[in-house]
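Colleague: Could you walk me through how to read a structure like this one? I'd like to go feature by feature.

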Amino acid sequence: MKILACYSNKGGVGKTASSVNIAHAFANNGYRTLLCDLDPQGASGFYFRVKPSKKLVDDAFFQDSGRFLKSIRGSDFDNLDLVPANMTFRDFDVFLDRMKNSQSRLRKALKTVKGEYDVVVLDCPPNLSRLSESVFKAADHVLVPVIPTTLSERTFQQLNGFFEEQGFNRKKILPFFSMVQRSKKLHNFTMDKLRKEYKEFCKTTIPFSTDIEKMGIHRAPVSAFASSRVASKSYQSLYGELKKRVL
Amino acid sequence: MLPIKVATKLSTDISTESDSPRRYFITGSFDPQVLARKLSPKLQLQIPDLSAEKVQSADTFDNQLLKSGQELFVAESGEQFWLFEKGRLKLQGDDKIALPGLIMELPDSLSAQLQADEIRALLPQHPAKIGCRKMALLDDQKKTVARINHWQLSGNDKTLHWVEASPVRGYVKSFARLQEALAAIGLQSNATMPERLLPSLRLKVSLYSAKPDFKIADNEPAQHLARRLCSGMLSIARLNEPGTIKDLDSEFLHDYRVSLRRVRSVVALFSKVFNEQDSQRMKAELADLMRRTNRLRDLDVYLLEKESYFKLLPKHLHSGLEKMFRDFTRERGNQQRKTAKWLASDDYKQAILSVEKFFSQQPLSNAPNAATPALGLAKSSIWKRYRKVCAIAKEITPETPDEQVHDLRIQCKKLRYLMEFFSPLFPKKVIKKQIRALKGLQDNLGRFNDFSVQQESLHDYLKRKMERGNLDLDVADSIGALRLVLNQQQRQERDRVMACFARFHSPEIHQSFETCFDHKRNA
């Protein structure tokens, strides 16, 4: 079972869209996949029409494996299940603070489903917190969507610095460009620059796309309603790259 | 989606039993709308149309699949299949499958699952229709919370329905609501679901053959044999009634008619085995039964041969043919309805029962050859007919009128029937070789006759259209041209008759007929 975290310390970079579409791509290719929504806003669940879990509250996620298992919901797609989030997830930091070995707690919780899934995708909230430390520890790979702008460049550098400082394995970081607008000079310039500095960037870039925005209307992954469109094809291509690098 | 079983203990009041898929076998029909009305307003049942695919069941000649609890259905298009095991779908695919075909030549995914010898061929067996309606139970977010598959299998005038309900992980309560609703419309989970589907349709899964081999003892009294043969063939005719009524395939009517014709030829060709009065009555009753379906069979043949007609004419003459075939299709529809009504009527049942009764009655009636041993009757009647065939054929020259060629055809047909009826009494290899030689001649004569009949019936069609005053010029053109082509083809067949007879009447075949059937010589 491989754990892939979709993470960025900056908001609005296409984390949830990426989590949803990457998880769907793995499932669609026959991998038993669990998408775990760690973001209290519960956007992943919304895209799959799954309501927030009522019973997986407070520290149950980390302490009560029975509750955790019961909160898993089958999606409308083969091989793809979900753990929906709820508002109590915003207090994860508080609970983790109280627990011993807080960094290992998330990995331990996910161990419950080992053997049931080939891939677990974590949709993470955008901050550097106790929870993100758990994520970096638990994940085999940390997928980082990066918008090719100056601010995003800066936060990506911050993330790399944080990994180094805290002694996390920097090789886990797997960045890819997101919400790319080829018509913008700045986007192209930033991408060239970052690719030179960080060789680990995926070749595939995810374009800025209204089809991805429309996921909110269709409440489904982009390839479920616009499979022939560029957005869907880029996620397919990203999946192909990830499969080689992470499985 | 397949629910994934949770192996860990659940600290809840809901047992794992309640979230495993359920099956409901339905006696009668199933209307999902009724189920939908029993669900709470928060749950909505998404109901797509049920489209059924025409399929054929397929098995080895000795039903190896059925014996091991498997049933395979192949779409008529040959591009889809369903494999059931103990009544449950085991495998479904859209690989190309040709029937009949060797198991070892099937797609690996399928052949690996089949419990039958690889060297065996799969034969098409029964026409049926199969359909599966995949329904989803949605919550107020339009999220699928349970799945319901409605299966339907029909054939032989019967339809089986069953429903499979499966939970979606994490939606135990919705699944429980669904089970309650299913119970409320009177469905019992896993109730008496048959392990085999075909027998539940009352399809004869025994070995069906339009011309089964009958075992005959050399000394079986001729009338006893004749009754046995006729009763057997009548039951085959009757097996084909439901398929004919349902219009599943033109083969049903064809086999029905072949069987009746064979009964009639036993009566006509087993000379003096029945008394004169009885055999006249039977011949008349059987002829009457046959007449009822003549036109439908003719139209079936036209429609089956439609493509070959078009190939005979250049493209600019096709429009007339199109019109004619439209008429034929319409007329066939009428004839089919008429035939179906007739076969389901009390008059028909009485008529066929009267024939069945005659052949099953005991004791035997008096007739000069009633007690003649089968072998003796076989030899004398085949030898007599063979000599007749030879006598007529030898007279035929390029100048002989067509009537004599028709006569030869009829005598050959009678000879063929006799040889087929009595074949179990003679060495298989020898009789097979004789029949093959005879078939060569018959094929030639058959084509000669077909071309002549076709010209006549085209003429009749033309005449009818003229009389009704709705004959289009292009139809007249096409039919005129077609008759000309058919006439040329008939002439070609006519020219080959003498050569075909010479091939049949080779010294070797003649010798073989003499050895087998010349009873006086043998005696």
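Colleague: Let's start with burial. What percentage of the 247 residues of chain A count as buried?

Modeller: Keep in mind that this is a predicted model. Burial is judged by relative accessible area, with under 20% as the cut-off. By that test, 57% of the 247 residues of chain A count as buried. For chain B, with its 523 residues, the figure is 47%.

Colleague: And how do I read overall shape? What radius of gyration does chain A have, and what would a compact globule have?

Modeller: Set the value beside the one expected for the chain length. A compact globule of 247 residues would come out near 18 Å, and chain A has 17 Å, so the two agree. The C-alpha trace of chain A spans about 50 × 40 × 30 Å along its principal axes. The trace of chain B spans about 95 × 65 × 45 Å.

Colleague: Which domains is chain B divided into?

Modeller: Residues 19-193 make up domain 1 of chain B, and residues 222-522 make up domain 2. Their C-alpha centres are 42 Å apart.

Colleague: How many helices and strands are there in chain A, and how many in chain B?

Modeller: Chain A comes to 13 helices and eight strands, while chain B has 17 helices and 10 strands. You can then ask how contacts link up the sequence. In chain A, take the contacts with a separation of 6 or more: 78% of them join residues 24 or more positions apart. The corresponding share in chain B is 71%.

Colleague: Let's take a single helix. What is the reach of helix H13 of chain A from its first C-alpha to its last?

Modeller: Compare end-to-end reach with what 1.5 Å a residue would give. H13(A), residues 230-246, reaches 24 Å, close to the 24 Å expected. Its buried residues include Tyr235(A), Leu238(A), Tyr239(A), Glu241(A) and Leu242(A).

Colleague: Is helix H7 of chain A mostly covered or mostly uncovered?

Modeller: Mostly covered: seven of the nine residues in H7(A), 130-138, are buried. Glu133(A) and Phe136(A) are among them. Both of those are also in contact with Phe162(A).

Colleague: Where is Phe162(A) found, and why does it count as buried?

Modeller: Phe162(A) sits in helix H8 of chain A, residues 150-166. Its relative accessibility is 14%, so Phe162(A) counts as buried. Beyond its sequence neighbours, Phe162(A) also touches Leu128(A) and Phe168(A).

Colleague: Is a polar side chain read the same way? Why is Gln454(B) called buried?

Modeller: Go by the area again. Gln454(B) is buried because its relative accessible area is 17%. Gln454(B) belongs to helix H14 of chain B, residues 428-468. Leaving aside neighbours within four places in sequence, Gln454(B) is in contact with Tyr309(B) and Leu486(B).

Colleague: Now the cores. Which of the 68 residues in the largest nonpolar core touch the most other members?

Modeller: Look for the hubs: Phe270(B), Phe359(B), Phe422(B), Phe504(B) and Phe513(B). Helix H12 of chain B, residues 374-395, is the top contributor to this core, with 10 residues. A separate core has 52 residues, including Ala23(A), Met135(B), Ala165(B) and Leu182(B).

Colleague: Which residues is Phe270(B) in contact with, leaving aside neighbours within four places in sequence?

Modeller: Among them are Ala222(B), Leu225(B), Leu377(B), Leu418(B) and Phe422(B). The contacts of Phe270(B) also include Ser265(B).

Note on methods:
Residues numbered from 1 in each chain as written. Chains lettered and ligands numbered in written order. Predicted model: local features only at pLDDT ≥ 70, side-chain atom pairs only at ≥ 80, totals over all residues. Heavy atoms only, no water. Core = buried A, V, L, I, M, F, W, Y, C linked by side-chain atoms within 4.5 Å. Buried < 20%, exposed > 50% of the residue type's maximum accessible area, 1.4 Å probe, protein only. Helix = DSSP H or I, 4+ residues; strand = E, 2+ residues; numbered from the N terminus. Contact = heavy atoms within 4.5 Å. Expected span 1.5 Å × (residues − 1). Rg over C-alpha atoms; globule rule 2.2 N^0.38 Å. Domains from an automatic or database assignment.
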